[in-house]
Every structure is written in C-alpha cells, then in structure tokens.
Amino acid sequence: MTTASLGRWLSRNMGFSAALLLLAILFLTYNSLHPRGFSSAVAIQNANETVAIAFVAMAQTLPVLLGGLDLSVGAVMTLTNCVASEVLHGSPLQIVFGVGLTLLTGTLFGFMNGCIVVYGRIQPIIATLATGAVAIGLALLIRPKPGGNVDDDLSWALTNSVWDLADTYGFAEGGEAWWIRPFADIPVPFLIVVIVATLVWVPFRRSVIGRTVYAIGSAEGAAYMSGLPIQRAKIVAFTLGGFLASCGGLYLAIQTSSGNADIQQAGAYTLNSIAAVVLGGTSLLGGTGGAIGSLVGAMILRVISFYFRILDIDPLLQPLIEGLVLLTAVSFGVFRTLRVRNQLDLFR
Amino acid sequence: MQATSDTPIVEYQGISRYFAGIRALEGVHFACRPGSIHGILGENGAGKSTLIKIMSGVLQPDAGTMRLAGRTVNFATPKAANAAGIVCMFQELSLVPDLSVADNISISDPPRRFGLIDRRAQVRRAEELLAAVRCEEIDPRALVRELSLSRRQMVEIAKALGRKPKVLILDEATSALTSRDVETVYGLLKDLKAKGVASLFISHRMHEVDALCDTLSVFRNGRHIETFAKGDKSEREIVRLMIGRDVEAQFPPKPSRKPDAKTAEPLLGVRSLSWGKRLNGVDLDVGRGEIVGLGGLDGQGQKELLLALFGVLRDVDGDVTVGGRSGIPSSPAAASSAATRMALVPEDRKTEGLMLGMSIADNLLAASYGRISKGPFLDMAAARREISDGLAKLQIKIGDAADPVMTLSGGNQQKVVIAKWLMIDPDIILLNDPTRGIDVGTKQEIYRLMRDLANEGKAILFYSSDYAELIGCCDRVSVLYGGRVVSEQEGSEITEESLVAASLNIGTEAA
C-alpha cells in the first residue's frame, strides 16, 4: 500500500482505526495489570467471554448498514442458545445435525425478519421489536428453566486452546505435530470468530448483494434507479444477521453447557450490540462501516468489563463506569467534525 | 439529414398516466428512431418526466402500449428497462455517495472473479469509461460524496455508457456541466448516434438542444404537441409551441447605469477573500440596485465564495464589509439576522434549499420564524398572512399550502426557496445557479423578479453556469478562475466571447 492510499484508507476509516487503537491500548494495559497477564489462560478466558457478543454485534451490523436497527438479535441468540442446549449431544453425527439445526433456526428467523421488513413494509426497528418477543417466547417454550445437555468433549475442545482441541479429538498427533505447534496456544474461540468473520463477511462485502446493502444505506433511491436488487439485499442482510446471531447462541450453549431463556440477557446483548457497532465505526445512518469494526467494538466492550476483575472497584459502580467509558469512546467521533471547514459537510 | 432506420426503437401508442386523477400524460403517441438524437421540449409539468419515467420502468402507464423494437413491453422496474437496453440518466443523480466512483460505475453488474467482485478489473473499467468521457482526472477510488456536482454528472454519464445502451435518456444531464464537458458529451452522443443508439435529450437550454438534436418533440400539458425535424421551425415558433402563446423578450431590460454607481459605498465589499485552496484572494463589490454575475468554468470557487459570504465556511481570511460593517458572518443564522440581512438560494434545492417532506407553509416560514413569533409561540395569523404574501409575490401555483413541498414541480420548488428568503426582506441576495433544471417560463419569472428586486435597491450576487443568463441579467460580471477574479466586465462588454475567453483565463481584458 502506498502512503497516499494508506492515508486515504485512514481518513475514510477514522472510526475503525480509532477503535483498533483503543482496543490495543485497553488490552495491553489490562494484561500488564493482570497478575497472569499475556498468558494463554487469560487469553482463553477472555476470548470465551467475548464470542457471543462479537457474533451478535456482527449480526447487528447488517441491519445498521441498511439504515435500520435489529432489536431481535439478542433474542435470536437466546432462542438458538436454548435450541442448542437440547440438541448438542449424542453421536458425532447427531451433534453435527444439532449444530446445523441451531444455525438453521437463527438463519430462518433472520429470513423471517427480512421478509416482514420487505414484504410487510414495516420499519426494521418495530418489526424486530415484535419478532424479538416472539423469539424469547419460543425460547421459553423450549427451555422453561435453565439447563441442558451439551456434549462434554465438544464443550471442552471448543473453549480451550488449539492444543486442547487436537488433544481431545486426537488429530495432529494429539496437538504435538510440528505444523500445529506455532498455533497451539491460540484460543479456539478466537479462531472460530476469525474464521466465521472471514468466511462470511469477506465474500459478502465483495458481492453485488453486499454492495447493494451499502448502497441502500447510503442512498436507497439511487440504488433503486441503478437497478440493484434492493428487496433481495434486505432479506439477505437480515438472514445473515440471523445466522450470525445463531453462531453466538450456539457458542454460548457450548461454553456454558446449557441454555437459558433469559429476557434480561437478551435485551442487554441487543443494546450492547448497538454500542459495539457504533464503537466500531459504523454509522447509524447506514452506508458506511462494517462487521470487522463491530467485532473490534465488541472486544472493547468486553475488555472494559474485564478491568473490574483485577481492579478493586465496587461492582455496583460497573454500569456507571462502563457508561462513561462508552461515552468517551464514542465522542472520539467528534474529532471529525472539528476538522470540517465547510459546515454543510456536517449534515452530509 | 442522416437517414435513420424505419422501425422506431421506442414507440408509444395512446399512453396515459394520471396522478390522483390529475393528468400527467394523456393519449400520447410518440416514436423515436435508432440512430437519432431526439430532443424533448416542454415546460416543467408538460409531462416530459412522466414520459421518461414510464420508458425507464419507474412508473407504469394507466393506459396505452409501449413497443421496443416492434415488441410490446411493460417494464415493472428500472432493472427490467435496463436489461432491455434502456438506460436513463436522471436529473436526480442515481449515484450512491458512500461508494467509490468505480463501484458506482459498475454498480449492478461488476466484473467478477470466482463470483466475487474483482476490484482491480472494476477500477480498470472505470478508468476506461472515465477516459472515454475525458475525465481522467477523476480518481476511480474516490468516494462519490467527495466529488462536485459537475464531476458526479460526468460519472453518471460514464456509468450510463458502461451499460451499452440501445436507448439513452438524458434528463437535464448537462445542467451542471462545464462547457468543456458539454462538448465531450456532444461528441459521445454523436458517436452513439453513428452506432445506431437512440438518444432522448431533455434540456431547458435551447442552444444545447439546437446544437445536438436532429428531431424535436414538443410536449405541453401532458400531451404530445408535435414532432418535427430540427430546422423546420424557428426558435420562436418552438417556444410558442411549448408555452402555447407568444413570449416577450426573455430578459427584462436593464436600467441605464447611474454614473455615480461606482463611487457610492457598495453594500457588499469583498477584499482578498481566501479559503483553503479554493479561494485565493477574491475582490468584489456589489452596490445597491445592482445585479453582479459570477462567471467562469464550474469549480473555480464561485460556490465557495457564496458559501463563505453566507457564513457557512470556517477559517475564511480577508475583509468583508456588509452594509458598512466589516466582518464575515459566523453562520447562516447570523448572516440572515444581521442589520444588513443576507439570503442565499443554495445550489441544491432538494437538500439545502428545502425540507422536502415538510409542508409548503413550513418551508416558506423556515427562515422567518423569529419574525412571526410572539414569545416562544408562533403567531398563526401572522404566519398565514406571510404565507399568502409569499405565494402571491412569486405566483407559486399550489393546491394547498399544507401539502408537502415535494409535490411541487421543480420550478415551483425553486420559487418556494426564493419566497422563503424574500420573507426576511434581505438587503443582499446571493443566488447559486437558481434556474438550474427549471422550465423557460419560470426562468423568465425569476429573471424579472431579480430585476425588480434590484430596482427596489437590493444587491444581488448571481452565479450561473449559463452564459446567456449572465449576459441577459447582469449589470456587471466578475469571472473567477482558480479562486480569483480574473476579469470584470460591465454593460455591453459582457458577451459570450468575452466570458468564454475570461473563463479560460486567456486574457482579453482589453477587448
């Protein structure tokens, strides 16, 4: 990359770059303060607790790029979490089937959201407020009380390091093969997020449908006049959102070995996903940003909460401090407006 | 005249379209042949937009049939029309601001590798198409939002070309272009004509239509009046067909210059005004009762100058005196409420001039809430009075002042913008291309209004991309080049030749 194009990339991705920098600072400081900082164990624990919100934040990114909001992402995560807690056990084939069923549930739910928004012509925020309640209702039917049965090996293998994964399933010489050694300490949950983000987001960003999603958020009229597949793009965006939310739900079931139709939790995840999307540099007006930014945003939110474990702060102060940190982080966006010399640019 | 193929590429038979019972098109028979450049003429509201919206699949006709190369077609969406080879460039640009130029040019059918968009091939394609429209200076990787209006129109043209049209519709597509770009577009259209493409050209600039088209069709009040070959009728006859009556002189007469005009204290004085790289020391005076034009190629700082004077830009250097007081207004609010009030009719009426979804009444009052309030509340009686005054003064034709302003035609929308500012009784009026995309009749009304306002003692600073307007309306013209005034012309010195020469900065000041 030449200096000029790097400069342009930075100026167009100010929000994302700032988020990345903030995350690096927060994460390094956290590990320096932590008595066992920079160890695999801490990394694994952190990664495990970040997966669900990371997926939900990526799910939220798609409707936001369209210029809407999806209030059902947390609920879809909860629903799929409950589904997973029922089906992730038995023979390997049954487990694979269970994984498929869980992901299918969320994907179909997202598809339904998309159809309601497109064919019902209902604004996303209100449509998903309703379908979110439906998702919680279904979750409660499936799992009136917390609990569940998740395969122990699966749970262990996917929530630890790459070495543990190889050891559990006995491949790569039980984790001792030369080619796996360099990766042995990497947390599996981190890999899962990176792989899903790469396999889903990168192709999406470079497809006509993906481009249409950005075009709709930026200028829907122009997108229509250009002959872009607007309805299909909206449906795909919500469907993909549902899929990503179900990845979160699935992982939560594996991590906790259970399902829980917790309404408060669903709501908190939805609101945090919006915060993560904004932190990651995606505009709530739509048209600019991306899921990778939201992933970084989600990580920032989690790292902030990790600080409460190692610093002696009254837990009752946690929401207050989290709120202030969020406000500070989001106000970095103000720097953009200080450089504006044509005040009309503020409104574009 | 060049012989054209006999089967029309597009043929309308008895097409009608109504909006809430109001006729937009009625019983229109219209045909357009391959290899022709067909000009569509008519005032705003004559049905031109409806005609092309039906052709391009945005609207469906209520009655009648449309044939494309002999086959009956009915387009449900713009996508379907595109697929059939009908490409339309709308006046409201169809570009997506947050995507890059290259993305926009290949928006619906990008080059792909393994099913994914091939960005490099896409940039190459954009470079080729931009070169074809002689806009190599546009970076395909730049975002469309970073471009000026005239560059966007050229991108729009490159995008249309890339779709390999059989029928190309240009709806006011040249309204913001510089004369060099217009020449390029003429060349392109002639190339396409040689390749058998039919172009429909809609423009309010008579001389463009005259220079380019081989066939003309006139529409009036939703009906097709007549189609004839260019040269069969004089300009005067054409205008009569368009408005259904004779027109008097296009521009109102200029008063003879008072000899003391120069010596009197100007109402607006600008000395060495600069802003970033766009304005590099502008000197300018506008006196009471004067219309001063801003000329030059597009993008030489005219728009920035108007914005700077209206307090929109930050970090502006230089001395500005407004009504004897020095200092640049700090914001539009300050500019319009100072002792010497200023008003700006902005470049883009749809985003900066109007709140499209709000009512005509609310838009009219937007600049003068302070004048019609009693404490924190609006004085409804005063508001109604102001609204009916404003509507009467500009002869704005509306059903109900409570209707959203977007239901008005372009010309009437622009009148609302002007009426809004006249309500604050401004002393200095800044006009940024106020007649862009407006029909002949309304243009004339605006010219007359400008002169009336000047005669009342207002100072008017008027930017226009149309030389004929500058020549016809202005007492003086300052031509900008590279953010500076390079030539000042007065009275009978203002001619098309002198303006073009000054715009290109080839110094004929002695002329």
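How many residues of chain B are in contact with chain A? In this predicted model, 25 residues of chain B touch 23 residues of chain A. On the chain B side, the elements that put in two or more residues are helix H2 (78–83) and strand E8 (116–117). H2(B) gives the most, with three residues. Sorted by class, the side of chain B that touches chain A has 14 nonpolar, four polar and seven charged residues.

Now for the two chains themselves, beginning with chain A. Chain A has 16 helices and zero strands. Its C-alpha trace spans about 60 × 45 × 45 Å along the principal axes. A compact globule of 348 residues would have a radius of gyration near 20 Å, and the 21 Å of chain A agrees with that.

Chain B, on the other hand, mixes its secondary structure, with 17 helices and 24 strands. The radius of gyration of chain B is 24 Å, close to the 24 Å that the globule rule gives for 511 residues, so chain B is as compact as a globular protein of that length. Along the principal axes, the C-alpha trace of chain B spans about 70 × 50 × 50 Å.

How does chain B divide into domains? The domain assignment gives domain 1 (10–243), domain 2 (250–341 + 426–511) and domain 3 (350–424). Domain 2 of chain B is thus listed in two segments, 250–341 and 426–511, and domain 3 of chain B covers 350–424. Taken over C-alpha atoms, the centres of domain 1 and domain 2 of chain B are 33 Å apart. Where these two domains meet, 14 residues of domain 1 of chain B are in contact with 12 residues of domain 2 of chain B. Helix H8 (residues 235–243) of chain B gives the most to the domain 1 side of this contact, with three residues. That side of domain 1 of chain B has four nonpolar, seven polar and three charged residues.

Back in chain A, a few helix pairs are worth going through one by one. Helix H3 (residues 40–65) and helix H12 (residues 230–256) of chain A have axes that come within 7 Å and cross at roughly 170°. That angle makes H3(A) roughly antiparallel to H12(A). On the H3(A) side the contact includes A:Asn48, A:Val51, A:Ala52, A:Phe55 and A:Val56, and on the H12(A) side it includes A:Ala237, A:Phe238, A:Leu240, A:Gly241 and A:Leu244. Further along, A:Met58, A:Ala59, A:Leu62 and A:Pro63 of H3(A) also take part, as do A:Tyr251, A:Leu252 and A:Gln255 of H12(A). By class, the contact of H3(A) with H12(A) divides into 16 nonpolar, four polar and no charged residues.

H3(A) also packs on H4(A), at an angle of about 130° and with the axes 9 Å apart. The two helices H3(A) and H4(A) are therefore oblique to each other, and H3(A) passes H4(A) in a right-handed crossing. A:Ala52, A:Val56, A:Ala59 and A:Gln60 of H3(A) make this contact with A:Val73, A:Gly74 and A:Met77 of H4(A). The tally for this contact is five nonpolar, two polar and no charged residues. A:Ala52, A:Val56 and A:Ala59 also appear in the contact of H3(A) with H12(A), so these residues are listed in the H4(A) contact and in the H12(A) contact alike.

What about the next pair along the chain? The axes of helix H4 (residues 73–87) and helix H5 (residues 92–119) of chain A come within 9 Å and cross at roughly 160°. H4(A) and H5(A) are therefore roughly antiparallel to each other, and H4(A) passes H5(A) in a right-handed crossing. From H4(A) come A:Val76, A:Leu79, A:Thr80, A:Val83, A:Ala84 and A:Val87, which meet A:Gly98, A:Leu101, A:Thr102, A:Thr105, A:Gly106 and A:Phe109 of H5(A). This contact has seven nonpolar, five polar and no charged residues.

Definitions and conventions:
Residues are numbered from 1 along each chain as its sequence is written. Chains are lettered from A and ligands numbered from 1 in the order in which they are written. This is a predicted model: local features need pLDDT of at least 70, side-chain atom pairs count only at pLDDT 80 or more; totals for chains, interfaces and linings use all residues. Domain bounds come from an automatic or database domain assignment. Two residues are in contact if their C-beta atoms, placed from the backbone, lie within 7 Å. Helices (H or I, at least four residues) and strands (E, at least two) are DSSP runs, numbered from the N terminus. Ala, Val, Leu, Ile, Met, Phe, Trp, Tyr, Cys and Pro count as nonpolar, Asp, Glu, Lys and Arg as charged, and the others, Gly among them, as polar. Axes are lines fitted to C-alpha atoms, for helices over the stretch in contact, and angles run from 0 to 180 degrees between N-to-C directions. Angles under 35 degrees count as roughly parallel, over 145 as roughly antiparallel, 65 to 115 as roughly perpendicular and the rest as oblique. A crossing is left-handed if the near helix is turned anticlockwise from the far one by less than a right angle, and right-handed if clockwise. The radius of gyration is taken over C-alpha atoms; the globule rule is 2.2 Å times the number of residues to the power 0.38.
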